[in-house]
Amino acid sequence: MTERVKIAWKNVTVGFDGRKPVLNGLDLEAYEGRSLVVIGGSGTGKSVTLKTALGLIRPQKGCVEIDGKPVRPGHEDDPGVAQIGMLFQSGALFDSLPIWKNVAFRLLHAEHISEDEARTRALEALDQVDLDAHVADQRPGSLSGGMLKRAALARAIVARPKILFFDEPTTGLDPVTADVINKLIVRQVKNLGATAVSITHDMVSMHHIADDVAMVKDGQILWRGSLDGVDSCANDEVCRFVRGESSED
Amino acid sequence: MNPLRAIGAGLIALLRSAGAVALFAGQTLAALVRPPYFAGQLAQQIFKIGFLSLPVVGLTALFTGAALALNIYTGGSRFNAESFVPNIVAMGIVRELGPVIASLMLAGRVSSGIAAEIGAMRATEQIDALHTLATDPMRYLIAPRVLAGVLVLPVLVATADIIGIYGGFLVSVHTLDFNPTIYVRNTWDFLSDWDIISGLIKAAVFGFILTLMGCYHGFYAQGGAQGVGRAATNAVVAAAVLIFAANFLLTSLFV
């Protein structure tokens with residue numbers, strides 16, 4: 001079966017202030033309805049890869065395409081903006097707003113639906129990530145790390161996006177809470193039938209949420225394949241990374 | 001290092017910063033005129049910048065007016081010109097000290113606050129989150145703050161003018177034995193409409209400057225908590241210097 005490419009990074013090069021490029025001609029595809037997990041060491045360009053697809057960073061060379069149309073940072077007709085949901089590493093919830101307004105932010109300010117309807121949908125989204133309704137009127141500062149991640153996940157899914165991005169979704173969480181978040185991610189991606197792109201250092205999380213895996217090194221794709229192939233792949237560096245072994249062993 | 005090279009590098013950095021600020025100001029103005037408008041954000045900022053700044057602006061104006069009256073009395077008495085105290089206090093406050101002192105106080109309170117708030121949002125990816133939620137940060141965060149500054153500063157300065165003149169009145173009447181009726185009449189008769197309007201125009205310009213500096217330095221803050229602190233400091237310094245420079249230019253135009 002030929003899978004349809006949903007997101008394509010084409011020869012993407014990004015550098016900052018004349019230093020060595022963070023992404024150096026990166027080529028990568030995320031297929032529709034599948035979950036791609038990008039792994040790699042610190043500073044290898046994983047976050048930048050994600051940000052180019054979100055339109056937050058403009059490549060110096062190459063482009064990122066969603067459904068065959070180039071991502072246009074800052075433009076309202078950007079093909080990405082209308083159909084993405086994003087879970088940030090820190091949650092990135094707005095401190096000044098109660099949780100339900102955080103979750104409903106896009107509905108209120110971009111889709112301009114009524115406050116009553118937005119609240120109803122926000123409460124539904126909170127329920128989908130197993131958060132009680134009483135959390136809705138609390139501020140982000142009063143929630144635990146795990147609850148913040150769930151609320152941020154609710155914000156990412158509330159508008160029923162076709163693409164979900166996850167930036168280090170389990171970083172800073174205890175193993176049990178991380179497992180809860182992994183299961184929620186799998187469930188929500190499946191419910192929405194969305195294409196998911198995640199970046200993570202957490203190999204347990206990768207095994208939970210990935211259909212496909214790509215490893216980035218020096219701003220390029222070192223290896224790419226299905227989850228089944230990652231543990232048995234011929235690339236020694238990938239195997240060591242997945243097992244958490246340094247090259248000096 | 002070659003001193004010429006250092007001067008050249010400094011000049012280029014200065015021009016680059018000026019260009020970046022000008023570009024940011026242009027984007028802000030574009031965001032002000034293009035929908036969507038965030039009325040709730042604007043109302044919130046008017047309350048935070050305007051209403052919550054009233055005590056600090058009022059107290060500063062009161063003491064400035066009082067001290068001005070004492071100084072003018074001391075100087076005027078050397079020329080037997082004590083009777084000009086109400087006139088000069090009124091003119092000094094309305095044309096110069098009201099707008100400048102109030103704006104400097106707000107540069108300390110508002111510019112730093114805006115820079116710290118937006119800088120913290122940058123550090124915690126909240127500004128990136130706005131992008132992903134199909135909301136333009138320039139329209140949601142920046143435009144309401146700058147518009148609130150432009151709208152609120154004239155009102156604050158008008159309030160500062162009244163309180164400052166009252167400060168001069170209190171000292172003059174209770175300490176310097178001025179007749180209260182004559183003091184008020186001299187103040188009122190001496191001031192022209194243009195004195196008041198020019199001060200309020202200055203206030204609107206200073207409001208633009210001090211909110212823009214807070215937004216600019218916060219928006220481009222880098223480097224976590226240290227970067228946020230640096231952004232707040234730079235915002236206050238830049239706002240204060242630009243307010244003095246703009247004051248000179250506007251005074252030159254208005255005399």
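What share of the 249 residues of chain A count as buried? Color chain A by burial and keep that question in mind: the answer is 48%. This is a predicted model, so a look at confidence comes before the details.

**Stop 1: confidence**

Switch to coloring by pLDDT. Chain B has a mean of 95, and 100% of its residues reach 70 or more. Chain A averages 90, with 95% of the residues scoring at least 70. Within chain A, select residues 236–243: this is helix α9, which has the lowest mean pLDDT among the elements of that chain, at 86. At the other end of the ranking is α2(A), with the highest mean, 97. For the complex, the predictor gives an ipTM of 0.90 and a pTM of 0.90. A reminder while you browse: where pLDDT is low, the predicted coordinates should not be read in detail.

**Stop 2: chain A as a whole**

Show chain A as a cartoon. You should find nine helices and 10 strands. Its C-alpha trace spans about 55 × 45 × 40 Å along the principal axes. The radius of gyration is 18 Å, which agrees with the value near 18 Å that a compact globule of 249 residues would have. If you draw the contacts between residues at least 6 apart in sequence, 65% of those in chain A join residues at least 24 apart.

**Stop 3: three residues in chain A**

Start with strand β1, residues 5–14, and pick out Asn11(A), which lies in it. Asn11(A) is not a glycine, yet its phi is positive, at about 50 degrees. Is Asn11(A) buried or partly exposed? With 13 other C-beta atoms within 10 Å, Asn11(A) is partly exposed.

Next, go to the loop between α4 (115–128) and α5 (145–157) of chain A and select Asp130(A). Here is another positive phi in a residue other than glycine, this one near 65 degrees. Asp130(A) counts as partly exposed because it has 14 C-beta neighbours inside 10 Å. For context, most residues other than glycine have a negative phi.

Now select Lys101(A), in helix α2 (residues 99–103) of chain A. It's a lysine worth turning the view around: Lys101(A) has 21 C-beta neighbours inside 10 Å, so it counts as buried. Draw a distance from its C-alpha to that of Leu143(A), and you get 15 Å for two residues 42 apart along the chain.

**Stop 4: chain B as a whole**

Hide chain A and show chain B. There are nine helices here and zero strands; from the N terminus on, the elements run α-α-α-α-α-α-α-α-α. The C-alpha atoms fill a box of roughly 65 × 55 × 30 Å along the principal axes. Of the 255 residues, 46% count as buried. Contacts between residues at least 6 apart in sequence join residues at least 24 apart in 87% of cases.

**Stop 5: a cis bond and a kinked helix in chain B**

Zoom in on the loop between α1 (3–33) and α2 (39–50) of chain B, where Pro36(B) is found. The peptide bond joining Pro35(B) and Pro36(B) is cis, with omega about 5 degrees.

Then select α4(B) and look along its axis. Where is the kink centred? The place to click is Ile93(B), and the bend is about 55 degrees. α4(B) is mostly covered, with 30 of its 39 residues buried. Just after the helix, click Glu125(B), which takes a positive phi of about 65 degrees.

**Stop 6: the largest nonpolar core**

Bring both chains back. The largest nonpolar core holds 148 residues, and those touching the most other members are Val103(A), Ala122(A), Ala154(A), Phe165(A), Ile209(B) and Ala239(B). The helix you just left, α4 (residues 85–123) of chain B, contributes the largest share of this core, 18 residues. Center on Ala122(A): leaving out residues up to four places away in sequence, it touches Trp100(A), Val103(A), Ala104(A), Ala136(A) and Val158(A).

**Stop 7: where the chains meet**

Finish by selecting the contacts between the chains: 10 residues of chain B are in contact with 15 residues of chain A. On the chain B side, the residues divide into three nonpolar, five polar and two charged.

Technical notes: Residues numbered from 1 in each chain as written. Chains lettered and ligands numbered in written order. Predicted model: local features only at pLDDT ≥ 70, side-chain atom pairs only at ≥ 80, totals over all residues. pLDDT = per-residue confidence, 0-100. Core = buried A, V, L, I, M, F, W, Y, C linked by C-beta atoms within 7 Å. Buried ≥ 20, exposed ≤ 12 C-beta atoms within 10 Å, placed from the backbone. Helix = DSSP H or I, 4+ residues; strand = E, 2+ residues; numbered from the N terminus. Contact = placed C-beta atoms within 7 Å. Rg over C-alpha atoms; globule rule 2.2 N^0.38 Å. Nonpolar A, V, L, I, M, F, W, Y, C, P; charged D, E, K, R; others polar. Bend = angle between axes of the 7 residues up to and from the residue.
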